[in-house]
Structures are given as structure tokens and as C-alpha cells.
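The following exercises concern contacts between chains, between domains and around single residues. Please work through each task before reading its solution.

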Amino acid sequence: MRDFKDKIKRAGKTVLFFAILFALLTGMSSMLTEISKKNDNLIQSRNKSLIKIQKEPPNSIDVLILGDSLSYTSISPMQLWNRYGITSFIGGQSGQKIYETYHILKTTLENQSPKLVVIETDVLLRGRTGLGRLKDKLEEKGSYYFPIFRYHNVWKPLLMGEEYAEESYKGFMLRDTIQPYKKGEYMKKTGEKIQLSPFVTDYMEQIISLCRENDIKILLISTPSPVNYNYKKYNALKEYAQENSLDYLDMNLKVKKLDIDWKSDSLDKGDHVNLLGAQKITRYFGKYITSRYDLTDHRGDAGFEMWEREAKDYKKKTKKKVEAMQNSLRIG
Amino acid sequence: MAYHTIVYLFLFLPLVLTAYQIAPRKLRRAVLVGAGYGFFWLISRKLVVFLIGTTLFTHYIGLCLTWLKQKCRMETDSCAPEGKSGIRKKYKKKEKLVLACGIILLLTVLAYLKYYNFFAHNANQLLEAVSVPLAFPAKRLVLPIGISFYTLQAIGYMADVYWEKVQTENHPGKLALFLGFFPQIMEGPISMYSQTAEALWRCDSLKGENLSRGCVRIIWGLFKKMIVADRLYLLVKAVFDHYEQYSGIVIAAAAISYTVQLYMEFSGSMDIIIGSGRMFGVVLPENFRQPFVSRNAAEFWRRWHITLGVWFKTYIFYPMSASALVKKWNRFGKKHFGKYITKLGISAICLYPVWLCNGLWHGPRWSYLFYGMYYFVILLFGIAAEPVKNGLLQRCGIKESAWYWKRLQILKTWVIIFVGELFFRAEGLSIGLKMFKSMFQNVSLHCLWDGTFLNFGLDKGDYLVIICGCLTAAVVGGIKERNLLGDGGLAKLKTPVRWSIYYALIFAVIIFGAYGVGYQQVDLIYAGF
């Protein structure tokens, strides 16, 4: 009897220990998330978009753009606002992986109800295999349920006073460097295609069903990038989009229509576009989505005054930067 | 799947523990062997055949030795007393031959996989220098994970059977468990058959106390690895990769940082490994015992990578001490040179192979050989200078136990350790020598506050965490050294105090761990050996 009582007591103690640990993890997680939300300069670049999107007023974002660095260097939400009054946000991260795309979407849907989710397809081409895949998946799940793992480093700026300030407009990064791409045509027609990783397509299934549950349309886009795209990838992505009844827009096939000039519009030798390239891509992209999806023009609406203010600032900044870029091109 | 990764700690280990506990006792051995081979396969894939092959080969060598011993016993029992010695000699010869075959084959496999290219490269250079038109082709050889560790364990087992320290089992499972226990595969500790085989074979049920002690040990290991070692990695890598850009204090700081990084990482991994073993009720031998309080290099090696030192002592040093060569020298030396030189000669004969093997064991690089020889010279010098030192101390009236003398000795040992690790970490012997020289050039303390140290990927916050982490480790080391908590360890403390320590440790790792944005996951250093 005493043994039994001892066992129960020990089991109770174990449960209590883990319950306290769970409570501490949850409490610290929400505390760190709140601290990061209050001042997003406390967190480093890669996690910024996740925090910033949580700071947006509830149900104010109509278009959510997800993806890796191609997403936040190619499409400018402020330009979309200025031209069409569309509210969009870029939940992009450098080298974003598909499970991160999924979790950013899931986190966003906690207080936003976008009408359209745009996924930059470079994330679909980034597959991991074996233990690395398992490791990434576990880490992302852990960080999703206990954000303390994601924001644990905020102690550093809090204690040492060094912050990680970064200029971004609804996730878009103003990049004004010019490093031309000189290697010529990169979308050479072929019947071959690459194989998408099952890991990626499994996560895409979850993304698709999450969007369908929330009545959200999905658009896959491939933004112009000679380093990251070719026809084999286009074939695979087109086939995937068709099989899953998703809209797909590959702008690499429309470089001429977009008026992309790789001498002036490339940021880093064809990997990303700079501000000049992003303006051209956003112009085309804006036209494309407004003609296909039912998106509201929020200009003048109550509650969107912040957008107006930020748009003005954006206009000023981009004007200066564009002028400087054009000058440097003239000088050669 | 290193031991500090999320996949090992939150998936592999819990899964094996669960499978082990729910399996019937008889199947538990199979679970552990399967987990060991599974772990090996996940890292080295089909090279697991090397581990299986080594296990079977070692098992049959053991059986063969036992069979010879039994046969010898039977024959000596049934023969006349005057013939017994002859029979024993005959069988001893056969046993020696079998043991030699076993050791040579295992060492050949290890030498071929680990050292062939090193040998080929150096032999080709030599042949070219003497204009011999012959060249050994370089080969793409993949090393099975942990081969340097399990080979030593296997050789130790064969020698123990030969010396009748352990008995063989007909079932190869016990040996398979001993050589392939998954927490030990990557980095040791190099245990002896008598230390772990029995507990592994018993397969006791999991116990709450073992689980909790194991968990605490694992978290302590993560503390050392993730808070201190992985941060220092950034500084060490930055300086050692671009050593030509630095000199003076920066090089010295990098050597010290690497020593601390290596200790925190290797001993941290050991904590995780020993903690994992503890969860299954297996007490693995300790590999570290507060090495930085050592008063000389010999003591340091009794406290640093203990199981490797014990292995060399048991299987190389002692057999050498009892060898015919030493006996001959002893007789010759005493006759011609006196006691002092004879003792020094014996030490040199016995220590030289130990330190040559120690250097070689770490890998096929001249810098590792130099590292081994460095300690050989220092230890020999220590023995040679002992009478002079004792005489000086007596004349100056300094007691060996005086606190200031102890501190001075510890400081001297630190210098020896730091210099040794500088050569150990440098990418080659010539670079090590260059770095050593540059340590004495442009020596200026200015770099300590002009921001130089903020260019290595670490900021002030990181340095603060490193200092706090080292101080915590030093306090814990002090408590252990003085055995302040006794055998019960933390279990003796009251629950609220104990739990507060556990939570503090867990959250220290979570909050101050060098992981996530801005850091990179650092592979285990000793897994590369």
C-alpha cells in the first residue's frame, strides 16, 4: 500500500513538474511575443515579417504574399496601395522554407482574413531530405507552439541596448544596388522538368486546405530571377499548379512585357531585382491581380489612414532612390 | 544526428526509451542493438557493416581465445606436472598469435580508412623528392562514424579476454551491445567491457530516478555546449580561418577560446551521452574531471579525455612497462648509467608509443602527431626535472601544498594546455607554428577595448553570456571537486530548491543558447575523430 502511495506521489510530482514547465514556457512565449510586437527592432531580420504582420490591425490585409527573398525584393505593397488601394503584406523571409510559409500563413490567419494568398514559387523548389527535413520540421513546430524558441534572443537588445532597426514597407525592402545580369536568355524552352520534393508538396497540400477552409484564393508566382528559374522549373510548377487547380503566373516568361532591363534592374547579377525592377514587376502584378480577383480599394476608407501616411513616406523615399539609381546608370 | 540535436533529444531518444520500456525484457537487448545500428545507419548508412563486421570478428576472436584457454587447462590437468609448463607456453604462443591477428586486422581496417590518404600524400612527396617514378593514388575513403572509438573498445575486449579479465559469451549480442550502444557510438566514452557490458546486458526496467538524473545531466551538457561552446566557435573560426590577419593577444585569445570551446563542447556532449546512458540504468565512465585544476600535464591527462588515457595506459603503457625491451634496458641502464637515467629511459620507452598513438588517434595530420609529441616531451621533461624541482623547493622553503605554489602550477599547466590546443586546432603544423610565432608579435592590450573582438560575430552580450556560462561551470566544477553534494547530488536538495535549479537550467539553455537567427548549428568536434 505504501509502495502504491509512493508511486502515486512520485507520478503526481512528475506531472506537476511538467505542468509548471509547460506554464512557464507558454507564459514566457507570450511575454516575449508581446515584447517583440511592441518593438520589432528587438528581433533580427529573418523573424521581422512574422512579428510585423501580427501588429497589423485585424482583418486589414487583403493580399498576403509569402516566399523567400524574391518575395520581399520583387513586390511592393505600398506601390499596390498607391495605384489600386489594395492592402497587401509580405510575409517573406530570406531562404524561407515551405513549413515556414505554412506557419506564417497560419499565424496570419489568427487575426487577418486575406482574400488572396500569393506564394513566390522559389520556396517550392527548396526541398530538404532525411534528418535535416525532420530537424527543420521539429524546430518550426516547436517555435510555432512556443515562440520563446524563435524570440529567445530579445534579451540581447533589451539588456545591451543594441537594436536591429530595418527599413521595410509592409515587408518590402528598398534595395537600390545595381549589379547587372549579363548571361542572356535563361528561359530556354525544353520538355524536361524538375521533380518537386514530396516534402514540399505535402506542406503545399496543408496550405491549400487551410486556404480553402478560409475561402482564400491562392496564386503561385515566379518573379523574374535568372539565377533561380529556368524552363525545367517552370514546367514542373505549371504542371503542379494545373494538377491542383491553382493559378500560376511565371513572370520569367514575360520579362519583355514587364520591360525588365537586366542592366539596370538587377540587384545582384540576376539573383534578385532592385527597386527599379520591383516597380516594373509590381506594376504588372497589380494589373494582373486586380483583373482576376475581387479586391477592394481601401483608399479613403476609415481605419486605413496609416496606409496613407506610410504611402507618402514611401513615395518620397523611392523617388529619391530611383533618381539616384538613374543618375548612377547615366554616369555608367 | 548529433547528440545535441532536436532529432536525437526529442525524437530518437524518447522513441528508444519507450520501445525499450514496453518491450518484454528478452526483447530489450534487441531494441538497444537495433537502436545502435539504426543510429549508426542514420549517419553512416551502409557503413554499418563495418560495426557489425568488427563485432562478429571480435566475438569470434574472443571465443577462439577462450577455447584455447580451455584446451590448455584440459591438457595441463591431464598431463604430468613436468609437462605443464611446456603446454602452457605452447598455448600462450597460440593465444598471442590469435590476439595479434585480431588486433592487426582491426587496426589495418582503421589505418586503411583513416590514414591511407595521409600516408599516400606523404609517401608521394618523398618519392618525388628522391625522383622515384612511383605514386600512391589518392582514394575517396569514407570513415564509418565512431570507428576510432569502437575499434579501441574491441581491441580492449580482446586483450581483456586474453588476460582473463573478462569472460566471453557464446551469444554475440552482449558484445554487439557493448560496441554499439548508441549514446557511445559518436564520441565515446571508450569504455571497458567490464564497465558497461553487464549493465547493458541486464536490461533493467527504466527507473524514475535514473530518468530524472539522466535528464538533468543532458540539460547540463546542453548548457555547456549551446551557451558557451557554440558561441566561442564563432570567434575561434574567425581567427583560425584568417590567422594571417591577426597576431599577439588575438591569437592567444583564440587559443584560450578554443580550449574552452573544446572542453565545453566535448564535456557537454559527454554529459548528454552519460545522461542518455543513465536513463537506461547504464553508468558510463566519466571522461572529464575538472581538468583545469590540474597542477601538471600528467594530472591534466588524468582529468581530460580520461577514458582515452586509461585505454592507452592499460593496453599500451602497462604492456610496454612489462616488455622484454624495458627489462633489458633496466638491467643495462642500472649497470651503466645509474638509477636516474634508467628511470628516465624507461619512462621514454613506455611513454613514446602512448603519445605517438594519442596523436595519431586524433587523425591523419602532422599537427596531431606534433600534439602527441608535445605532451611526450613535456611529460618526460617533468619526470627529468622532478629532482631539480624538489631540491629548489626545499632550498626556497616552499611547500608543495602551499596555496600560491598550487596556483602557480595550475597557471603553468594552463599555458601548456593552451599552446597544445593552438597546434591541435590549427589547420596543419606549419600554420600552427606561424600562429605560435605571431602570438609574440604586435602584443598590445589595445585590441581588448578597440572593438577588435566585436568583429568575430560576437557582441558584448555574447561575451557576457560566455563569461557567466564559464563561471557557472567553474562553480559546478568546484562543487564536484570538493564533493560538496555527496553521492546523492542534487537529489539531496529540497524539492523547491531542486526544481528551481532545473527550471533555471532549462530556461538558461532556451534563452541564452546560441541557436536560431545569427548563429549556426555546430557539429560535434570529437565526432570527426
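The exercises below refer to this structure, which is a predicted model.

**Exercise 1. The interface of chain B and chain A**

Task: Describe the extent of the contact between chain B and chain A, and state which elements of chain B take part.

Solution.
Step 1. Begin with the residue counts: chain B contributes 27 residues to the contact and chain A contributes 25 residues.
Step 2. Turn to area. The two chains bury about 2500 Å² between them, and 76% of this lies on carbon and sulfur atoms. On the side of chain B, B:W499, B:Y503 and B:V517 provide 23% of the area buried against chain A, more than any other three residues.
Step 3. Count the polar terms. There are two salt bridges between chain B and chain A, and eight residue pairs are in polar contact, both residues being at pLDDT 80 or more. A salt bridge joins the side chains of A:K156 and B:D462, with an N to O distance of 2.9 Å.
Step 4. Assign the elements. On the side of chain B that touches chain A, two or more residues come from each of α1 (6–22), α18 (460–481) and α19 (495–512) of chain B. The largest share, nine residues, belongs to α19(B).

**Exercise 2. The two domains of chain B**

Task: Characterise the interface of domain 1 and domain 2 of chain B.

Solution.
Step 1. Fix the bounds: the assignment gives domain 1 as 6–205 and domain 2 as 207–284 + 444–529. Their centres, taken over C-alpha atoms, are 32 Å apart.
Step 2. Count the contacts: 25 residues of domain 1 of chain B meet 23 residues of domain 2 of chain B.
Step 3. Evaluate the area. About 1800 Å² is buried between these domains, with carbon and sulfur atoms giving 73%. Within domain 1 of chain B, the residues that lose the most area to domain 2 are B:L9, B:L17 and B:E187, together 31% of what that side buries.
Step 4. Examine the polar terms: zero salt bridges are found across this interface, along with two residue pairs in polar contact, both at pLDDT 80 or more.
Step 5. Assign the elements of domain 1. Those giving two or more residues are α1, α5 (147–162), α7 (182–185) and α8 (193–202) of chain B; α1(B) gives the most, with six residues.

**Exercise 3. The largest nonpolar core**

Task: State the size of the largest nonpolar core and examine the surroundings of A:M204.

Solution.
Step 1. The core has 249 residues, and A:M204, B:F182 and B:F280 have the most contacts inside it. At least three of its residues come from each of domain 1 and domain 2 of chain B.
Step 2. Beyond four places in sequence, A:M204 is in contact with A:I98, A:I119, A:L124, A:L220, A:Y240 and A:L246.

**Exercise 4. Two individual residues**

Task: Decide whether B:R425 is buried or exposed, and how A:F149 should be classed.

Solution.
Step 1. B:R425 belongs to helix α16 (residues 403–425) of chain B. Its relative accessible area is 15%, and because buried means under 20%, B:R425 is buried.
Step 2. Apart from neighbours within four places in sequence, the contacts of B:R425 are B:V236, B:K237, B:F240, B:D241, B:Y258 and B:R365.
Step 3. A:F149 lies in helix α7 (residues 148–151) of chain A. With a relative accessible area of 28%, A:F149 is partly exposed.
Step 4. Not counting residues up to four places away in sequence, A:F149 touches A:G142 and A:S143 as well as B:I510 and B:Y515 of chain B.

Notes:
Residues numbered from 1 in each chain as written. Chains lettered and ligands numbered in written order. Predicted model: local features only at pLDDT ≥ 70, side-chain atom pairs only at ≥ 80, totals over all residues. Heavy atoms only, no water. Core = buried A, V, L, I, M, F, W, Y, C linked by side-chain atoms within 4.5 Å. Buried < 20%, exposed > 50% of the residue type's maximum accessible area, 1.4 Å probe, protein only. Domains from an automatic or database assignment. Contact = heavy atoms within 4.5 Å. Buried area = accessible area lost by both parts, 1.4 Å probe. Salt bridge = Lys/Arg side-chain N within 4 Å of Asp/Glu carboxyl O. Polar contact = N/O pair within 3.5 Å; in protein donor to acceptor, adjacent residues only side chain to side chain. Helix = DSSP H or I, 4+ residues; strand = E, 2+ residues; numbered from the N terminus.
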